[in-house]
Every structure is written in C-alpha cells, then in structure tokens.
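Colleague: Could you take one helix of this model and go through it closely? Please add some context from the rest of the assembly afterwards.

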Amino acid sequence: MLEYSTPTQEAALVVEHVVKRFNVAADPWWRRWAGSHKATSNHAANGQSANGHDTPPRLKARRGKELVTAVSDVSFSVYRREIFGVLGPNGSGKSTLIRLLSTLLLPDEGAITVFGLDVERDEMAVKRLINRVSVEAAFFKKLSPKENLLYGARLYGVSGKEADRKAREILGRLGLRESSYTSPMEDMSRGMQQKVAIARAFLTQPVLLLLDEPTTGLDPRSKLEVQAFVNELRDTHDATIVITTHDMNEADALCDRIAILDDGRIAALDTPEGLKRRIRRNGHEPTLEEVFMALTGKELVEKDDVTDFEPEKVLS
Amino acid sequence: MIKGIQLEMRQSYAFVARNFNLVKRYWGWEVVWLAYSIANSLSVTFIGAGAAEITGETQIDTNFLITYLLIGTLVWRFLASIFNNISEMIAWERWEGTIEYTFMAPVHRFNQMIGQTIFAIVYSLLFTVIIGVVVAGFFDLSFADADLAAATVILLVGSLSFVGIGVVASILPLLYPERGAQMTNIVQAFFLLVSGIYYPVSVLPGWLQVLAKISPATYVLEGMRAALLPNTATADPLSYVWPLLIMGLIMLPLGIYLFQRAEKYTKRTGKLKRNG
C-alpha cells in the first residue's frame with residue numbers, strides 16, 4: 001500500500017467539483033398524470049437532480065426530457081502510483097465518472113486535470129497519458145485479437161511489430177491460447193474478449209489507467225491473473241490506476257484508497273482499513289460490503305436496478 | 001519532427017490497415033456487393049444497347065449511348081463508394097461498439113480522415129476498375145481518342161470534394177445514433193438525382209439545374225465525358241478541374257471543422273455512448 005497522505009506526493013489526477021448532467025427521455029404525460037412513476041426512481045423532476053438537489057435555474061431540461069445529474073460536485077485526488085477504487089451501485093455515476101476522466105464526456109461544471117493537464121483544454125496531451133478498459137469488451141468482432149490490437153496500438157503511435165511482440169507477451173501471461181490470437185474475436189468467450197481488452201489498454205503503457213469493472217465476466221483464476229497484472233503495471237511501469245468494481249474482495253485486495261459513490265456524490269473516501277474502522281463495533285471486523293451498506297444504506301446491486309429500471313443506460 | 005510525422009502516418013495507416021482487414025474478413029459481403037454492382041451497371045448500359053429498339057429510331061449511335069451510360073454508372077459507383085466509405089465510418093464504429101476507443105485515442109481527426117480517404121480511394125478505384133472491365137467486356141467499345149490522363153485527374157480531384165461531403169454526412173450518425181446512418185442515404189440520393197449521372201443536367205427542371213451546379217459529381221461527370229468522349233465535348237476536360245479543386249478545398253476543411261464541432265457536442269451531451 002502507498003503512503004498516499006504524504007502531502008508532497010505528486011497528484012496524478014485531480015477532480016474538482018465536477019458535475020455532469022444529462023437530458024434523458026421523460027415519462028409520457030399520461031404516466032406522469034396517473035402518478036404511476038415511482039418516487040424512488042432515479043429519474044428526477046424537471047430541474048432537479050437524481051438525488052433531489054436543485055440544479056441552477058438556467059439548466060432546464062429540453063422539451064420532453066428530464067434533467068438527471070449523474071455526477072454531482074465530485075472532488076478527489078489520485079496520487080501517482082496509487083490504485084484508487086470507485087465503488088457504487090448501478091446508476092451511481094461510476095461509468096460516467098470514468099468517461100469524464102477519459103475525455104469521452106465533458107464536465108458541465110468543475111475541472112479535471114491529469115498530471116496538471118486539463119482534460120478539456122489539453123485533450124490530446126491527456127489522451128496520450130491514459131487508456132481505459134470498460135465492462136463491454138468493444139472490438140471489431142470479425143477481426144482477430146491481433147488485428148484489433150495492432151489497430152489500437154497504432155493509434156497511440158506504437159509500431160505494428162512492437163505491438164505484435166508485446167501483445168503476444170501480455171496475452172500469453174493472461175492465458176490466451178496462441179491459436180486464438182489470429183481467430184475472429186466473435187469466436188471467443190466473453191472472458192477471453194475481456195482479456196484482449198485488458199491487453200489493448202496495457203499495450204500503450206498508459207501512466208493513468210482507467211479500469212471500469214475490468215474483471216466482470218472473468219473466472220476466479222483469470223480475475224487473479226488480471227489483478228496481479230494491474231499490480232505489476234503499477235510497480236514496474238509507474239502507472240496510476242483508477243478502478244471501478246462491484247467486487248468487494250477485489251477492491252479490498254487491490255486498492256490503496258476507495259471512494260464510495262452514491263447517487264453521483266462521494267459518500268466516503270478512505271483506505272479500505274479506514275473505511276472499515278468507521279463502522280467497526282464491539283471487536284467485529286466488518287467487510288467492505290458491510291461498510292458499503294452502512295454508508296449508503298444500499299446493496300451494491302439493488303433489486304430495482306435489475307427488474308424495474310436500467311440506470312446505467314441512462315446515467316453512464 | 002520526423003518522429004512526429006512518423007507517428008501521424010502510423011495513425012493514418014491504422015485506419016487503412018483496419019479497413020482492409022475488415023474487407024478481408026467480410027469477403028463474402030464484398031463478393032455479393034460486387035456481383036450486384038456489376039449486374040446493376042450492366043442493366044443500365046443495356047438500356048443504351050436497346051435504345052434503337054425501344055425508340056424505333058435506326059439512326060441512334062448505340063455505342064455512344066452505351067459509353068455515355070457506362071461512364072455515368074462507373075463514375076457514380078466510384079463516387080458513391082467513396083461517399084459511403086467516409087460517411088459510414090461513424091455508423092460502422094457505432095455498430096461494432098468501438099467508437100469510444102477510437103475517440104479516446106490521441107488521434108487528430110485530420111489523421112483519421114487521411115487514413116479513411118486513402119482507403120476509400122484505393123478501395124473504390126479497385127472496385128470500379130473490376131466493374132468497368134467486366135461491363136466493357138460485354139460491348140465493343142473503343143476509347144482510342146480518349147484522354148485517359150485528364151479523366152484520371154478529374155476523377156481524383158473530384159473524389160476530394162466527395163470526401164469532404166462524406167465527412168459532413170458522417171456527422172449525422174454521430175448526432176443521431178439511431179437514424180443517422182439512414183439519413184446519409186438521403187444525401188446520396190440528392191447527388192444521384194441532380195448530377196446528371198445517366199442524363200444531361202439540361203433535361204432537369206430549372207430549380208434542379210441550380211442544385212446541379214453545387215454538386216461536384218456534375219463536374220466530374222461532364223469532365224469525364226469530355227475526356228472519354230472527345231468528339232462530343234463542348235469544353236476542354238481540364239476546365240472542369242478548377243471548380244472541383246475549389247469545391248474540394250472548401251469541403252474538406254469545412255467537413256473536418258464541422259465534424260470536430262459535432263464531436264464536442266456529443267461529448268457534452270453523452271451521445272457517444274449509445275450504440276444505435
């Protein structure tokens with residue numbers, strides 16, 4: 001674990017009062033009239049955020065839309081060579097936050113800097129420093145891992161020859177068969193595809209790596225392999241890592257510090273040990289899951305998220 | 001400096017290599033599309049072959065008519081292929097779900113357009129040459145007096161402005177994830193109608209003739225016909241290069257500028273995410 005609290009430590013990532021809102025389709029008038037929409041829904045009334053906070057008056061939703069605040073006044077710093085975890089239930093704004101950090105979304109308010117570079121003003125310079133693994137392994141499905149990885153690496157200026165050598169090495173370490181390297185991605189399992197996605201990000205040797213639920217869909221052994229690789233990337237390549245995950249054990253094992261995100265706001269930010277200390281009672285050593293439930297009053301994946309509403313589709 | 005240029009070239013090459021890999025992997029579709037295009041071009045040129053029988057006029061220069069239609073169908077195949085390859089670059093990435101990765105990479109849109117343009121021109125040229133050779137094989141045509149060099153220059157210069165129009169059209173799938181790809185077909189249909197692909201622009205109603213003047217395809221076709229059918233030409237083929245050059249110089253930077261503005265808008269509103 002890093003001594004993150006040393007004030008002289010270099011900040012790799014600084015997020016200051018960041019707000020992100022989206023216009024999303026409103027319920028039809030007849031449903032609103034009938035009052036059938038749930039009060040607990042993440043859809044907020046016009047001019048109000050998901051968590052009920054008033055939005056500035058100039059920010060009114062477009063006609064037929066509702067204004068939803070996905071990330072609300074979020075501030076934190078991540079130090080160089082730190083592994084920083086973001087935990088939150090579906091729809092808490094984790095993926096939106098990762099997209100803001102990776103220049104795929106622009107903040108409505110606040111500022112984000114990566115090694116002193118502003119993500120909006122110095123976009124191209126920031127892009128050279130970062131890479132991201134998302135929960136969906138997005139690839140050209142007919143192309144092979146080799147073709148996909150060489151394409152991705154060339155975009156970052158890595159030569160085809162060097163990318164090929166590195167890709168074979170990384171995929172070999174992640175347990176991908178040699179024969180799969182030149183077969184179409186569509187023939188591979190979801191777990192295998194995710195390994196290729198991880199290799200794609202590692203290939204460019206980013207100094208800030210953004211991992212959005214990178215081990216979702218992987219078997220336990222593969223998860224451990226990826227976790228070991230993440231640690232190695234930090235230790236040997238001087239990388240800083242921001243990771244979102246649903247896996248509490250993974251967060252506990254990997255992260256130097258964890259931010260708990262709830263309704264787009266940071267509910268708590270501390271080391272795993274520090275978070276546990278907050279709810280430790282009568283000698284009972286709480287798990288990170290218990291910490292999460294105590295601090296947010298929610299489970300990591302709620303029933304409503306699955307059966308009634310797909311907030312990731314709206315908020316992410 | 002040299003390292004910077006090498007990096008930019010590598011980025012542009014990434015798009016060329018990726019697109020040719022996709023052509024290779026989707027080879028079945030390519031064969032089907034090629035067969036359809038040959039049949040389509042043949043059916044158009046056979047109209048010329050049957051003109052005497054259709055009209056009952058025996059004095060019709062059938063070979064001229066066949067060549068006239070053949071030039072129309074081949075030039076349109078070429079320009080439409082360029083337009084499709086450029087305008088579909090976003091739709092394609094949305095379909096595959098890779099758009100966020102391409103947009104997250106440190107690539108200037110200009111480099112991306114260079115890569116897409118090189119691929120589009122090489123691919124379209126190959127595609128058109130194959131169709132041309134097959135279709136011409138059905139008829140006894142002579143291009144002895146044709147100015148092939150002028151025709152090539154006109155085609156290449158004309159393709160630049162079509163790249164610019166394609167870039168502008170590719171904004172549609174960026175802004176409208178669900179309907180954008182279909183909207184680009186309307187743009188293509190407009191050029192098909194007004195540019196005099198299979199008929200002289202002069203037969204169009206007056207208001208459509210005005211629109212024909214802003215279509216680069218009109219100048220490409222008239223220039224190509226002047227170069228390949230010199231006996232009927234009313235102007236020097238190279239006189240069509242200037243309007244095409246001016247249109248290309250306006251459309252290319254304008255297309256990239258508008259695309260960058262649209263990209264910013266999608267990042268502001270979160271429209272990159274939806275894989276429509």
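Modeller: What follows is a close look at one helix, then its chain, then the partner chain.

This is a predicted model; local features need pLDDT of at least 70, side-chain atom pairs count only at pLDDT 80 or more, and totals for chains, interfaces and linings use all residues. Residues are numbered from 1 along each chain as its sequence is written, while chains are lettered from A and ligands numbered from 1 in the order written.

Take helix 5 of chain A, residues 160-173. Helices (DSSP H or I, at least four residues) and strands (E, at least two) are numbered from the N terminus. Its 14 residues should span 20 Å at 1.5 Å a residue, and the end C-alpha atoms are 20 Å apart, which agrees. The expected span is 1.5 Å times one less than the number of residues.

A163(A), A167(A), I170(A) and L171(A) of this helix are buried, with 20 or more other C-beta atoms within 10 Å of their own (exposed means 12 or fewer). These buried residues cover an arc of only 90° around the axis, so they sit on the same side of helix 5 of chain A. The arc uses directions from the helix axis to the C-beta atoms. An α-helix has 3.6 residues a turn, so residues three or four places apart point the same way. The face turned away from the buried side carries the exposed residues K161(A), E162(A) and R165(A).

What does the buried side pack against? Helix 4 (145-155) and helix 6 (190-203) of chain A. Contact here means C-beta atoms, placed from the backbone, within 7 Å. After helix 5 of chain A comes G175(A), with a positive phi near 85°.

Now the chain around it. Chain A has 12 helices and 10 strands. Of its 316 residues, 46% are buried. Among contacts in chain A with a separation of 6 or more, 72% join residues 24 or more positions apart.

Last, the contact between the chains. Chain A gives 27 residues and chain B gives 26. On the chain B side, helix 1 (2-25), helix 5 (99-104) and helix 12 (241-269) each supply at least two residues. Helix 1 of chain B brings the largest share, 10 residues. By class, the chain B side has 13 nonpolar, five polar and eight charged residues. Ala, Val, Leu, Ile, Met, Phe, Trp, Tyr, Cys and Pro count as nonpolar, Asp, Glu, Lys and Arg as charged, and the others, Gly among them, as polar.

Note on methods
Contact = placed C-beta atoms within 7 Å.
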